[in-house]
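Please look over the sequence and the fold below before reading on. The paragraphs that follow lead through a few places in the model.

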Amino acid sequence: MELHHERLARYFLDGDEEAALQYIRQLLEEHPRAYLYEDILTPAMYYIGELWERNEISVADEHLATAICDFVLSKLEQEKKTDKKYRNKKYKALLFGVEEEHHYIGLKMVAETFKEHGWRVRYLGPNLSLQHALVQIEKYRPDVIGISAALSYRLPAIKDLVNHFTTLDWKPFIMIGGRMAGKYDLSQLESDQSMVIKDLNHLNQWFKEGRDEAINETS
């Protein structure tokens with residue numbers, strides 16, 4: 001029996017954006033968006049990565065699948081409505097992938113999760129150097145800075161970013177995520193001002209646990 005994520009991956013690899021979008025809309029009738037992101041879309045992209053690693057698909061196939069997934073996420077963003085409970089929040093998040101990191105679909109889902117909770121989000125995409133990130137960070141002064149990496153050899157870059165961001169005068173909270181966060185022990189990066197987000201379920205739990213406190217602070 002073909003699993004949801006495998007079927008969706010086949011639509012991505014076929015370049016069939018309409019079938020992929022229709023299938024996801026059907027799933028959304030039965031499941032919350034958080035389930036779609038964490039348990040269907042993310043495994044679909046991991047499955048595609050595994051096919052590439054086994055030489056069952058080409059780099060071009062993988063790029064096509066990523067482009068279709070990106071299209072679907074953008075369409076879903078246009079169609080969704082933020083829960084009224086969260087519309088008056090003033091919190092700001094800024095998200096990007098570290099320099100030379102080209103994976104971005106997971107980061108885009110994180111951006112959408114923040115938006116669903118009423119946050120203002122600046123999503124800067126992948127492959128951004130500290131120098132260029134700081135231009136936007138200093139201007140935007142976000143409450144949360146989210147940084148993402150997929151591979152373990154990005155760890156020195158992540159450490160440099162965390163060390164720098166913890167010195168910013170308004171003390172933003174720093175989140176470290178990406179595929180690397182779910183595969184390796186990154187607890188040495190955590191502090192009162194930073195945490196490792198292992199997956200989207202973990203991020204949603206963070207919102208759930210901090211919601212009352214956040215509402216009280218703005219009331």
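**Loops, a helix pair and a pocket**

Lys-171 sits in the loop that runs between helix 7 (155-165) and strand 4 (173-177), where helices are DSSP runs of H or I with at least four residues and strands are runs of E with at least two, numbered from the N terminus. Although Lys-171 is not a glycine, its phi is positive, at about 55°. The model is predicted, with local features needing pLDDT of at least 70 and side-chain atom pairs counting only at pLDDT 80 or more, while totals for chains, interfaces and linings use all residues. Residues are numbered from 1 along each chain as its sequence is written, and side-chain values use heavy atoms, with hydrogens and water left out.

Asn-127, in the loop between strand 2 (120-123) and helix 6 (130-140), also has a positive phi, near 55°.

Towards the start of the numbering, the axes of helix 1 (residues 4-14) and helix 2 (residues 17-28) come within 8 Å and cross at roughly 155°, these axes being lines fitted to C-alpha atoms over the stretch in contact, with angles from 0 to 180 degrees between N-to-C directions. The two helices are therefore roughly antiparallel, a term for angles over 145 degrees. Their contact (heavy atoms within 4.5 Å) involves residues including Tyr-11 and Phe-12 of helix 1 and Tyr-23 and Leu-27 of helix 2.

Helix 3 gives the largest share of the lining of the largest pocket, 7 residues. A pocket here is an open set of points on a 1 Å grid over the protein atoms alone, where a 1.4 Å probe fits, with protein on both sides within 12 Å along at least five of seven lines, and lining residues have an atom within 4 Å of a point.

Terms used
Angles under 35 degrees count as roughly parallel, over 145 as roughly antiparallel, 65 to 115 as roughly perpendicular and the rest as oblique.
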